[in-house]
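Here's a quick tour of one protein model, written for someone who'd rather look than compute. Pull up the sequence and the 3D view and follow along.

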Amino acid sequence: MNIITPSTYMKSNTQSVSLLETECLYGEKVEILDKYQEWVYCKLNTDNYCGWIQKNSLGQLKKITHRVINKSSFIYRETNPKSEILLRIPMGARLAVENIKSNWAQTFLIINNKMQVGYVPSGHIVDNDNKVNDWVKIAQTLEGTPYRWGGRDTLGIDCSALLQLSYQTYGQNIPRNTSEQVNLKKNTLTNLNNLKRGCVVFWPGHVGIMIDKVNCIHANSFHMKTVTEPLFDIINRMDKDHLIAKMMDFN
């Protein structure tokens, strides 16, 4: 099954007031493991995250071929930017595309339980196998995005989602949370002087991406948005329980 809404909340239980764990994005595939009333317990194939989502956010799309690389985009009714918008789609959303002509890609979506045809700007998508070498540039397009705990839809993201979404464009799906990201098999650095673009800095429960040897982009609750600032400014705000845990080269 696929997610057929722009995004949907994934929670640890079926209480609507429970904390947001993560978000599943349009077109992503899930494996249903259990059901309860209007909820389904499932595993998100992108990163194997498990939780409860609303079953009305699920449907069966055609074969997924492309993903959204723009911060967000829209599916239009016609190949005309003035036509009706059928759906908003965030970065990381997956699309079933069968035809690309000129500046538009024909895709398929489900509205009111019916399969419909729509069109998305072809410059906003890439095929599933596409690799962006400068994945940090993608992270930088998310600067200014509001911070949201558990957020993965680019309407609002947290620190680990910033890393996950941007690094996905490099051709690699990585875990959702910092507790798992920090254990990836990447080259570990021991000296701050060796940091460069594409290095990732982990603190307990937080992560940031170096855009050069001095500045770091991160989604954070201090600014309540995604910002770029000197790494030492971040370090100076941290208390003794939040010292740098690990520095890794993700290039």
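What follows covers ground rules, aromatic rings, a run of strands and a pocket.

## Ground rules

This is a predicted model, so to speak of local features takes a pLDDT of at least 70 and side-chain atom pairs count only at pLDDT 80 or more, while totals for chains, interfaces and linings use all residues. Residues are numbered from 1 along each chain as its sequence is written, and side-chain values use heavy atoms, with hydrogens and water left out.

## Aromatic rings

There are seven aromatic pairs here. Take Trp135 and Tyr167: the ring centres are 4.9 Å apart and the planes sit at 85 degrees, so this one is edge-to-face. (Rings of Phe, Tyr and Trp, the last by its six-membered ring, pair if their centres lie within 6.5 Å; planes under 30 degrees apart are stacked, over 60 edge-to-face, and the rest tilted.) Trp135 belongs to helix α1 (residues 135-141) and Tyr167 to helix α2 (residues 159-168), so the pair ties together parts 32 residues apart in sequence. Helices (H or I, at least four residues) and strands (E, at least two) are DSSP runs, numbered from the N terminus.

Both Trp135 and Tyr167 are buried, meaning under 20% relative accessible area (exposed is over 50%, partly exposed in between; 1.4 Å probe, protein chains only). Ring pairs also join Trp135, Tyr167, Tyr170 and Phe250 into a cluster. Two lysines come in here: the charged end of Lys131 sits over the Tyr170 ring, 4.4 Å from its centre, and that of Lys186 sits over the Phe250 ring, 5.4 Å from its centre. "Over" needs NZ of Lys or CZ of Arg within 6 Å of the ring centre and within 35 degrees of the ring normal.

## Strand β13 and its partners

Six of the eight residues in strand β13 (residues 104-111) are buried. β13 pairs in the antiparallel sense with strand β12 (residues 97-101) over four bridges, and with strand β14 (residues 114-121) over eight; pairing takes at least two DSSP bridges. Asn99 stands opposite Gln106, and Leu109 opposite Gln116.

Each hairpin has two residues between its strands. Ser102 takes a positive phi near 60 degrees in the β12 and β13 hairpin, and Asn112 one near 55 degrees in that of β13 and β14.

## Lining of the largest pocket

β19 (215-220) gives the most to this lining, with three residues. α2 also supplies at least two.
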